[in-house]
Amino acid sequence: MPSPKAKNPGRSGGSPVLGSSNGRYEFMSLTKPLNRSSPPHLLQRQGSDPTTARLRASESPTRRRGSGSSTGSASGQGPPEEDGIRLNPSLIRVALSSLLAIDLWLSKQLGVCACEDSSWGSVRPLMKLLEISGHGIPWLAGTAYCLYKSDSAAGQEVMLNLFMGLLLDLILVGIVKAVVRRRRPAHNRMDMFATFSVDRYSFPSGHATRAAMCGRFLLAHLVLAAPLRVLVLLWVGLVGLSRVMLGRHNVTDVMFGFWMGYCQYNLVEMLWLSPQTLQGLLGQSA
Ligand SMILES: CC(C)=CCC/C(C)=C/CC/C(C)=C/COP(=O)(O)O
């Protein structure tokens, strides 16, 4: 299996701003704005990418308005205060583009286990083990098993709420993925097991949301011993790191995933199904 570099000659070495020449994100110079001489396929791909589409939508109104005239800051003839007004949206746009470019660059640098012949390819099996440890199926199956085996009302209550939380996580992540539709990194090999169709998208990382939510859940309800609490935190961090190292995600997918999973736990607490609530629900349906 050729390395990502070998597969995509000429891809590295660029700096900031997005574009694509083969259906994937590429790096291009920030200092060279896209012009009309860009190849049509490049312009088309940019238009289909939600992030760049949003960036284009937030483009300075003046730039859009002034496309047919030579006045304004672009030509350096506009009054200074007008220049100030025009500068801000462009600055935001450049800042966002730069952040995104840093994200893509960093993610590519960290994607050292993306395939067997990557620089850290030998660690890939370990990363895949971490992937399985944060997958939805073992978590759902394990929780359902514990729920079935639990002989105390308190244990059943905790397991039932964890199960509901896991389902909620799948639904919310699926919705965000379907709305944002960010492609997985170019260097990712799509060899994950048991995925939904939305899992071809990378934002946010479902493993990161699950790890953060389950991590908080375990710390709050199940794991009390200090060494085990440290292990839980370590596991959460490693699951997130492994997503980037495997090339499955960009760094921002995982960061947002952690934040989303953290918030999802708050939602689980808010919607907590107590035995009384359950009895009420069952009583109503009976
Ligand atoms: C019972 C049931 C509906 C199980 C579905 C479990 C399932 C297939 C979860 C998907 C887990 C997955 C591959 C998420 C993708 O994670 P990323 O970190 O790559 O976003």
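Val244 is found in helix H10 of this predicted model. Val244 counts as buried because 28 C-beta neighbours fall inside 10 Å, and the cut-off for burial is 20 or more. Leaving aside neighbours within four places in sequence, Val244 is in contact with Ser107, Leu110, Gly111, His249, Val251 and Val254. One of these partners, Val254, is 10 residues apart from Val244 along the chain, and their C-alpha atoms are separated by 7.7 Å.

**Confidence**

The protein chain averages a pLDDT of 78. A score of at least 70 is reached by 68% of the residues. Residues 1-78 have a pLDDT below 50. That stretch still has 89 contacts in the model beyond near neighbours in sequence. Where pLDDT is low, the predicted coordinates should not be read in detail. For the complex, the predictor gives an ipTM of 0.93 and a pTM of 0.71.

**Overall fold**

The protein chain has 12 helices and 2 strands. Along the sequence the pattern runs α-β-β-α-α-α-α-α-α-α-α-α-α-α. Of the 286 residues, 27% are buried. Among contacts with a separation of 6 or more, 68% join residues 24 or more positions apart.

UniProt, in an unreviewed entry, places the feature "domain: Phosphatidic acid phosphatase type 2/haloperoxidase" at residues 157-269. The same source lists residues 158-180 and 217-238 under "transmembrane region", again from an unreviewed entry. The table sets out the computed values for these spans.

| Residues | Helix | Strand | End C-alpha to end C-alpha |
|---|---|---|---|
| 157-269 | 71% | 0% | 12 Å |
| 158-180 | 100% | 0% | 32 Å |
| 217-238 | 86% | 0% | 17 Å |

**The nonpolar core**

The largest nonpolar core holds 26 residues. Ala208, Ala211, Ala212, Phe217 and Met245 touch the most other members. Two or more residues come from each of helix H6 (124-133), helix H8 (153-180), H9, helix H10 (226-245) and helix H11 (251-270). H9 supplies the largest share, 6 residues.

Ala212 shows how the packing reaches across the sequence. Not counting residues up to four places away, Ala212 touches Val236, Gly257, Phe258, Gly261 and Tyr262.

**Two residues of H9**

Met213 and Ala220 are both found in helix H9. Is Met213 buried or exposed? Met213 is buried, because 29 other C-beta atoms lie within 10 Å. Ala220 is exposed, because its count within 10 Å is 12.

Leaving aside neighbours within four places, Met213 is in contact with Gly165, Asp169, Gly261, Gln264 and Tyr265. Met213 and Val230 are 17 residues apart in sequence and 16 Å apart in space, C-alpha to C-alpha. Ala220 and Pro138 are 82 residues apart along the chain, with C-alpha atoms separated by 21 Å.

**Around the ligand**

Which residues come nearest to the ligand? Gly136, Ala194, Ser205, Gly206 and His207 do, out of 15 residues around the ligand. Helix H7 (136-149) and helix H9 (206-222) are the elements that give two or more residues to this shell. H7 gives the most, with 3 residues. By class, the shell has 6 nonpolar, 6 polar and 3 charged residues.

Ala194 is found in the loop between H8 and H9. Ala194 counts as exposed because 10 C-beta neighbours lie inside 10 Å.

**Backbone geometry in the H8-H9 loop**

Most residues other than glycine have a negative phi, and most peptide bonds are trans. This loop has departures from both.

Ala194 has a positive phi of about 45°, although it is not a glycine. Arg181 lies in the loop between H8 and H9. Phi of Arg181 is near 50°, a positive value in a residue other than glycine. Arg181 is partly exposed, because 16 other C-beta atoms lie within 10 Å, a count between the limits of 12 and 20.

Pro204 is also found in the loop between H8 and H9. The peptide bond from Phe203 to Pro204 is cis, with omega near 0°.

Definitions and conventions: Residues numbered from 1 in each chain as written. Predicted model: local features only at pLDDT ≥ 70, side-chain atom pairs only at ≥ 80, totals over all residues. pLDDT = per-residue confidence, 0-100. Contact = placed C-beta atoms within 7 Å. Near = placed C-beta within 6 Å. Helix = DSSP H or I, 4+ residues; strand = E, 2+ residues; numbered from the N terminus. Nonpolar A, V, L, I, M, F, W, Y, C, P; charged D, E, K, R; others polar. Core = buried A, V, L, I, M, F, W, Y, C linked by C-beta atoms within 7 Å. UniProt positions renumbered as here; feature names shortened; annotations may be inferred.
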